[in-house]
Amino acid sequence: MSYDLDVREFWKENEKCMTPFSTDKPRVPLNFWLDDHFLFEEMKLPSTLRYYNDAEYRLSVHKECNDRIEKVIGRRFYSEEEGMKLSPNRFEVIMGAHWEMTEGATPWLESTVESIEDVKKLIKRAEKLDMRKEAFPEGWEEEKKRYELSTGRKVRLGGDGHRGPATMATSILGTVNTCMFIMDEPEVMDDFFYILGEKLVEYHHALMENTGKESQRGYWITDDNCYLFPPKQYERFCAPVLAKLFKHFAPGPNDRRHQHSDSSMGHLMPILWDLGVNSVNFGPSLHPLEIRKAMPGAVIEGQMPPFVLRNGTPEEIIEIVKRDIDSVGGDGGLVECPAGSVAAGTPLENLKIYMWAVHTYGRY
């Protein structure tokens, strides 16, 4: 079977399709992104360390990869513009985690916490932190000025989103420690999550104030590790952090409050709905009808299983698209999207078939 598609026209039409809970648009929209895992596999890079440490090399890799991608699916996904040479200090690092980077991998955050006494010390230290000082590395103001003058672009940061409280906790405290401490040391963890939320709000305000960004109306959360929390513990420890963030940065009834958690989220959906989450990208174990039942007013970005998109036949990819659209597409609240991200090694031809299926079966 032929899957002919004008890919450039597809993306032009796609821009007209993003209005949530409306069928007054050409078709169901499609959304996916390509991350560094995908890039490393596609380009077969000899050194991931060079990619992260050599800005000029990184941009050249982006251009070459974009050229490949654009020929097949009509879009360029990776930035080819010079960025700032400095970034704000990572919030989790300020709170006590540290970066690890090894050849062949993406950077990740590690904990130094070994006991609950370390957590108590971390809390006392965090209480004294001034995010207006801690958020910015040495030379930040000079680099910000250089960048804005050389590019004509303004730096505007903060208030739009962050990793969620469960995933931050696993980075700062360690995954096993977090799971143990929420069960065995709940009072200490009450204090930890309270200060985590307070300081994250302070961190956002510091970034916004420093870069002249006005109030943000809308907030996203990426919290893959929240699936580790039973509902009772999630409601006790994590939900108050989200409520605080939404109060500051997405307080309006129509403000977007988005949660990405590409994991098994069925047990937490009622809590998220009560918190006001109105846009979701959950893991592939969930059927779209399950999400719609638990979160009736939420935009569903899903539910294509990433490994079906990577390894499946054209017929299998098309069948999932038809399932999603037949299940929940009729209310206009579906954005066809991988249930997670595009897995490394996914053929570009499979992405084009994905686009074709949405174009063909998603029309209103």
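Me: Which residues lie nearest the centre of the second largest pocket?
Reply: In this predicted model, the second largest pocket holds about 320 Å³ of space. Its lining takes in 21 residues, and strand 7 (299–304) and strand 8 (334–338) each supply at least two of them. Those nearest the centre are Pro20, Arg256, Asn278, Ser279 and Val299.

Me: How many residues of each class, nonpolar, polar and charged, line the second largest pocket?
Reply: The lining of the second largest pocket is made up of 21 residues. By class, these are nine nonpolar, seven polar and five charged.

Me: Which parts of the chain does the salt bridge between Arg153 and Glu81 link?
Reply: The side chains of Arg153 and Glu81 meet at 3.5 Å, N to O. The two residues are 72 residues apart, so the pair links distant parts of the chain, with Arg153 partly exposed at 30% relative accessibility. The parts are the loop between helix 8 (140–151) and strand 3 (161–163), and the loop between helix 4 (55–73) and helix 5 (91–94).

Me: Is Glu143 buried or exposed?
Reply: Glu143 forms a salt bridge with Arg146, with the closest N and O atoms 2.8 Å apart. Arg146 is partly exposed at 27% relative accessibility. Glu143 has 8%, and under 20% means buried, so Glu143 counts as buried.

Me: What is the relative accessibility of Lys199, which counts as buried?
Reply: Lys199 and Glu202 lie three residues apart in helix 11 (residues 186–211), and their side chains form a salt bridge at 3.0 Å, N to O. Glu202 is partly exposed at 22% relative accessibility. For Lys199 the value is 7%.

Note on methods. Residues numbered from 1 in each chain as written. Predicted model: local features only at pLDDT ≥ 70, side-chain atom pairs only at ≥ 80, totals over all residues. Heavy atoms only, no water. 1 Å grid on protein atoms, 1.4 Å probe; cavity = no way out; pocket = protein on both sides within 12 Å on 5 of 7 lines; lining within 4 Å. Points joined across faces, edges and corners; volume = space filled by probe spheres on them. Helix = DSSP H or I, 4+ residues; strand = E, 2+ residues; numbered from the N terminus. Nonpolar A, V, L, I, M, F, W, Y, C, P; charged D, E, K, R; others polar. Salt bridge = Lys/Arg side-chain N within 4 Å of Asp/Glu carboxyl O. Buried < 20%, exposed > 50% of the residue type's maximum accessible area, 1.4 Å probe, protein only.
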